[in-house]
Amino acid sequence: MLIRIRKSHELRDADVTPETLYKSRREVLKTMGLATAGAIGGSVIAGEAFAARLSYKERAITADEPSTSHDAITGYNNFYEFGTDKSDPARYAGAMKTSPWSVRVEGECARPGAYTLEDILKPHALEERIYRLRCVEAWSMVIPWVGFPLGDLLKRFEPANNAKYIQFETLADRERMRGLSFPVLDWPYVEGLRMDEAMHPLAILAVGLYGEDLPNQNGAPLRLVVPWKYGYKSIKSIVAIRFVEKEPATSWNVSAPREYGFYSNVNPEVDHPRWSQATERRIGEFRRRPTLMFNGYGDEVSHLYANMDLRKFY
Ligand SMILES: Nc1nc2c(c(=O)[nH]1)N[C@H]1C(S)=C(S)[C@@H](COP(=O)(O)O)O[C@H]1N2
Ligand SMILES: [Mo]
């Protein structure tokens, strides 16, 4: 029998089963510490933060797996600007100042400039999108992000024809980011995507998780989420977006080019030089599970790499 599995980003409100809706509502409620489901009416979640400025559209996408616990998502992080231990970001990222926040838009586009976070968010409806994040260290989580498609924002800046790639840059505040004192990486942290990857509807900018504002340790106030790539592509606390003609530098590729390529697509067949990438441990589970090609998003994204040798372009 052939069952067509709808692509995750094609799911509409009406497709979300009462169970998944109930479950995601309950998770949100739990996080917000609210007692009754009545507090959340149709779809708008009240709250001091971004939800007050924007309508948060509750829409569970790819909710086919249970979300990792809020504690693990916000307590077990990689954010080297605050240290290399998984518990450092939760401990030290509170020092980061996320308001006011602005993003420099530079390079090959018609509307470069400095945009405040408010400018950036205003026209975009926020949605809940539940995506897997798979770290190169072979652990994974399922995270109910709140965000909007990256491509919708990039289009507003009117990229020029020669803008073939995008580079992103993280805040580098020596006073408040204690990890910057250590030369673990070339600061500021930078990452990049090819233009067609950046325009794919699965690539989002996240501003929240579990229905609340993004905690600092997860990359407040604005971070990239590219679910079919290893976690390090999902750059946190973005202060610059640059339209460029040539493949841009990315921090991990600069630090260890043999270990980390530009593409970094999740690929169980291409091992990291020092360990296998064939399996992963979902945080909260004991047994390892096989890693899926493109982190399970192959139906949606494999066409982007149709004629490429993914052993060479790792
Ligand atoms: N600026 C910055 N972004 C970053 C990192 C980092 O150290 N600095 N770590 C990356 C890595 S390796 C992973 S796995 C994810 C972790 O995201 P999470 O802590 O929200 O789960 O963030 C990515 N983004
Ligand atoms: Mo990672």
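**Notebook: ligand 1 and T291**

I looked first at Y80, where a polar backbone atom is 2.8 Å from an oxygen atom of ligand 1. I count this as a polar contact, a pair of N or O atoms within 3.5 Å; within protein, one must be able to donate a hydrogen and the other to accept it, and residues adjacent in sequence count only if both atoms are side-chain atoms.

I note that this is a predicted model, in which local features need pLDDT of at least 70, side-chain atom pairs count only at pLDDT 80 or more, and totals for chains, interfaces and linings use all residues. Residues are numbered from 1 along each chain as its sequence is written, chains are lettered from A and ligands numbered from 1 in the order in which they are written, and side-chain values use heavy atoms, without hydrogens and water.

**Ligand 1**

I found a polar side-chain atom of K236 2.7 Å from an oxygen atom of ligand 1. On its own, ligand 1 has 540 Å² of accessible area, of which the protein covers 98% (Shrake-Rupley method, 1.4 Å probe). I then listed the surroundings: 15 residues, the closest being N77, Y80, E81, S234 and K236 (a heavy atom within 4 Å).

**T291**

I located T291 in the loop between β13 (289-290) and α9 (298-301) (DSSP runs; helices are H or I, at least four residues, and strands E, at least two). T291 counts as buried because its relative accessibility is 6% (buried means under 20%, with a 1.4 Å probe and protein chains only). I recorded a polar contact of 2.6 Å between the side chains of T291 and E280.

Conventions: Buried means under 20% relative accessible area, exposed over 50%, partly exposed in between (1.4 Å probe, protein chains only).
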